[in-house]
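Biologist: Please take a close look at chain A and at its contacts with the other chains. I am new to this, so give the cut-off for each term when you use it.

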Amino acid sequence: MALPPSQDAPSPMDEFSKGLWRENPVFVQVLGMCPALAVSNTAANALAMGLATLFVLTLSNAVISSLRHFIPKQVRIATYILVIATFVTVVDYAIQAVSLDLHKALGAFISLIVVNCLILGRAEAFASKQPIGVAVLDGLGMGTGFTLALFSIGAVREILGNGTLFGIALFHESFQPWIVMILPSGGFFTLAGWLIVFSWLQEWRERRRRENAVQSPVVEVTR
Amino acid sequence: MSAPPQAASQTPAMWPMYRAMVGVGLLCGVLIVGVFLTTRPVIERNRAEALERAIFRVLPEARTRRSFQRSAAGNFEPAAAGGNAGFVVHAGYDEAGALIGFAVEAQGMGYQDLIHVLYGYDFARSAVIGMEVLESRETPGLGDKIETDPAFVANFELLDVALGAGGEVAHPIEAVKPGEKEHPWQVDGISGATISSQAIARILRDSTSQWVPILYRQLDDFREAR
Amino acid sequence: MAGVSKTLEIRTSPHILSGYSVDTIMFNVVLALLPVTAFAVYAFGLPALLTLTVATVSCLATEELATRVAGKASALGDWSAAITGLLYGLTLPPGLPLWMVAVGGIVSVGLGKTLFGGLGANPFNPALVGRAFLQAAFPVSMTSWTPAFGAERFYTLPASTLTAPLTKPSYHDALSGATPLARWKFDGQLTEVSDLAFGAIPGSTGETGALLILLGGVYLVARNMMSWRIPVAILATVACTSGILYWLDPNAYPSPLFMLFSGGLMLGAVFMATDMVSSPMTNAGCVVYGALIGLLVVVIRLWGGMPEGVMYAILLGNAVTPHIDNLIRPTIYGARPAEEMS
């Protein structure tokens with residue numbers, strides 16, 4: 001953690017993959033909770049929401065990164081919101097054009113992507129300081145991580161709460177659905193469950209790394 | 001904080017700020033307008049198709065339909081496209097062009113939020129012959145049985161709304177407990193979704209009691225308009 | 001670590017030894033629950049016995065598993081998991097599938113207690129957390145009731161009890177009965193208060209013997225192991241509020257006696273709301289807490305979507321408890337009121 005920043009510049013692959021696992025926006029940074037809880041009641045909704053966010057995040061990262069020398073820091077937040085809101089509106093119209101049912105299911109949460117702190121967070125903390133290529137990779141990685149997280153919440157909720165995945169029945173019809181899982185409270189339970197799993201895994205990896213380091217210090221250096 | 005006044009050195013240059021805000025704003029505006037114009041026809045076609053499908057589902061014998069709007073004078077005029085002010089009713093016609101019924105949108109409070117329904121009213125049988133939930137936020141797995149429970153949906157295949165001698169609905173629609181339906185104007189509730197199923201019955205009762213008599217009085221509007 | 005259970009306690013004066021430890025009190029609560037439990041088994045027969053057993057065993061097993069995972073000493077000896085299990089079982093409908101009973105038991109102790117840090121750290125009554133989870137997860141099963149005193153209750157089981165895990169139970173309409181509150185809410189029918197008091201009604205296993213619940217409460221109060229203020233405040237608030245409404249319009253509202261003896265009010269007021277961990281610490285706080293729960297019960301029952309609201313009322317009361325404790329603080333021993341000081 002306390003490594004000097006200049007030690008080795010992260011590779012492009014790193015910029016992409018950090019959002020998937022190590023800095024996963026939902027499970028590690030705990031950002032974007034509103035859509036993660038509200039629109040994850042089915043796998044399809046969760047996937048659509050994740051993809052919409054991925055799209056907005058990547059494009060806003062690209063635009064903000066390319067305009068980073070043009071925007072004075074006093075008005076940066078207002079400008080970022082303007083850019084993000086534009087892409088959200090674009091997504092909103094696009095989803096309406098593709099499927100009204102999907103738009104009905106996602107409801108107000110499409111517009112609320114504007115205030116998803118994940119997007120503003122990446123714009124402020126990353127895109128405004130990095131060249132455009134890296135910023136796009138970061139947006140793609142974070143967006144994919146967000147999509148994966150939403151999908152893993154949505155899949156659990158749909159399987160338990162409805163006995164289906166993407167609307168396809170998984171069990172015999174005598175399966176008793178756990179209705180609580182598709183209710184809002186199910187979102188909290190599932191998110192909490194995944195957070196437990198994630199922090200447990202991270203602790204376990206940390207412990208493994210420390211044990212390895214004790215046995216063979218060489219490993220630490222090559223990392 | 002007792003920092004020394006730094007106003008002079010902190011005053012930002014105004015021009016770059018305006019340039020950034022206005023420039024980005026213009027770009028964004030152009031983008032939004034462009035997307036709006038490209039997607040609008042598709043979105044409107046989707047909306048119209050969704051409504052169309054729902055109308056023909058609740059009035060399965062209709063072949064064509066026209067939408068009418070209630071004017072200030074109390075009679076019905078063909079609805080102008082886009083203008084959705086006031087009460088709108090969709091009249092259904094058979095192949096010969098004869099008026100067979102209406103599809104009417106209604107809404108009311110359910111368990112969680114407003115429920116929007118569309119129901120079909122058939123003249124020949126003087127009954128509601130179909131009901132479709134357009135929008136609801138009822139509890140998944142419980143309240144949404146108003147859309148999925150076949151026994152409940154069957155209530156609306158022939159739900160009597162005949163007019164009595166006074167020109168009013170003779171027997172307003174009423175909800176009864178599951179399995180206790182005795183009269184053709186009663187709606188069997190759903191056990192486990194009592195409130196949602198009663199809400200549907202109430203929405204239909206209010207809407208039919210209000211509009212069916214009026215529609216009968218104004219029948220000429222719909223024939224002439226063809 | 002498992003062997004270390006004695007700790008050196010260092011506390012500031014004054015020292016008064018009450019003579020009661022956590023496990024003595026908890027054991028006495030179990031004693032006080034015995035008549036209610038016995039009546040539950042007598043009234044509903046074999047299904048109630050199985051429900052209570054599975055509920056208690058699943059809670060004990062979860063507690064044991066959780067303490068092992070956390071590397072702590074076994075906490076079964078303090079009786080608290082047993083009480084949670086018993087109370088939780090007493091709130092369930094007697095014909096509930098046993099696999100659902102087990103799920104709820106795991107949730108009660110797992111989610112309601114150990115995740116918050118075990119005994120003493122749970123903000124909500126664990127038994128009610130488990131029941132609330134089941135109510136939200138399986139609402140149909142949680143509102144399917146079997147009538148009391150069925151002729152064959154000691155040697156037959158309803159089909160629903162032994163449903164295979166994760167599958168839907170089937171209910172025979174002939175066996176189902178509506179609780180007095182549901183009959184009032186949905187059909188406008190009132191049940192005789194004498195039936196309510198003596199338990200000749202469908203309901204959760206432990207909520208129908210209202211008089212026996214009161215007996216258990218009186219025992220605990222007499223032994224000074226329970227705050228009498230909480231149940232009294234709850235029952236008095238319910239009686240007063242519903243009494244005023246009944247006096248205003250006897251046709252629209254049920255009588256206060258019906259409100260007092262129907263549903264889970266007695267069980268909730270005497271055994272659930274008084275949970276020491278999740279109720280306020282001061283006497284005045286207890287009265288405020290009880291009054292709030294009583295008010296919520298009346299509001300949910302009379303104007304809410306569901307016929308019964310005791311569970312949600314108590315859980316909401318639990319949620320407010322830290323704020324009550326924050327606002328109503330006890331005087332520090334030896335401190336004088338502010339005006340005396342100046």
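Modeller: Start with the contacts inside chain A: of those with a separation of 6 or more, 74% are between residues 24 or more positions apart. Contact here means heavy atoms within 4.5 Å.

This is a predicted model, in which local features need pLDDT of at least 70 and side-chain atom pairs count only at pLDDT 80 or more, while totals for chains, interfaces and linings use all residues. Residues are numbered from 1 along each chain as its sequence is written, chains are lettered from A and ligands numbered from 1 in the order in which they are written, and side-chain values use heavy atoms, with hydrogens and water left out.

Chain A has 9 helices and 2 strands; these are DSSP runs numbered from the N terminus, with helices (H or I) of at least four residues and strands (E) of at least two. Along the sequence the order is α-α-α-α-α-α-α-β-β-α-α. The C-alpha trace of chain A spans about 60 × 50 × 25 Å along its principal axes. Of the 223 residues in chain A, 43% are buried. Buried means under 20% relative accessible area, exposed over 50%, and partly exposed in between (1.4 Å probe, protein chains only). The accessible surface of chain A is about 11000 Å², and carbon and sulfur atoms hold 68% of this surface. Such areas come from the Shrake-Rupley method with a 1.4 Å probe, and for residues only the protein chains shown count as cover.

Next, the contact with chain B. Chain A brings 22 residues to this contact and chain B brings 24. About 2100 Å² is buried between chain A and chain B, with 81% of that area from carbon and sulfur atoms. Buried area is the accessible area (1.4 Å probe) that two parts lose on being put together, summed over both. On the chain A side, A:Phe70, A:Tyr93 and A:Leu100 lose the most area to chain B, and together they make up 25% of what that side buries. There are 0 salt bridges between chain A and chain B, a salt bridge being a side-chain nitrogen of Lys or Arg within 4 Å of a carboxyl oxygen of Asp or Glu. There are 3 residue pairs in polar contact between these chains, both residues at pLDDT 80 or more. A polar contact is a pair of N or O atoms within 3.5 Å; within protein, one must be able to donate a hydrogen and the other to accept it, and residues adjacent in sequence count only if both atoms are side-chain atoms. In chain A, α4 (76-98) and α5 (100-106) each give at least two residues to the side that touches chain B. The largest share of that side, 11 residues, is from α4(A).

Chain A also meets chain C. Here 11 residues of chain A are in contact with 15 residues of chain C. The area buried between chain C and chain A is about 1000 Å², and carbon and sulfur atoms give 74% of this area. C:Phe133, C:Leu166 and C:Lys168 supply 41% of the area that chain C buries against chain A, more than any other three residues. This pair of chains has 0 salt bridges, but 4 residue pairs are in polar contact across the interface of chain C and chain A. In chain C, α4 (98-112), α5 (126-137) and α6 (139-142) are the elements that give two or more residues to the side touching chain A. The largest share, 4 residues, comes from α4(C).
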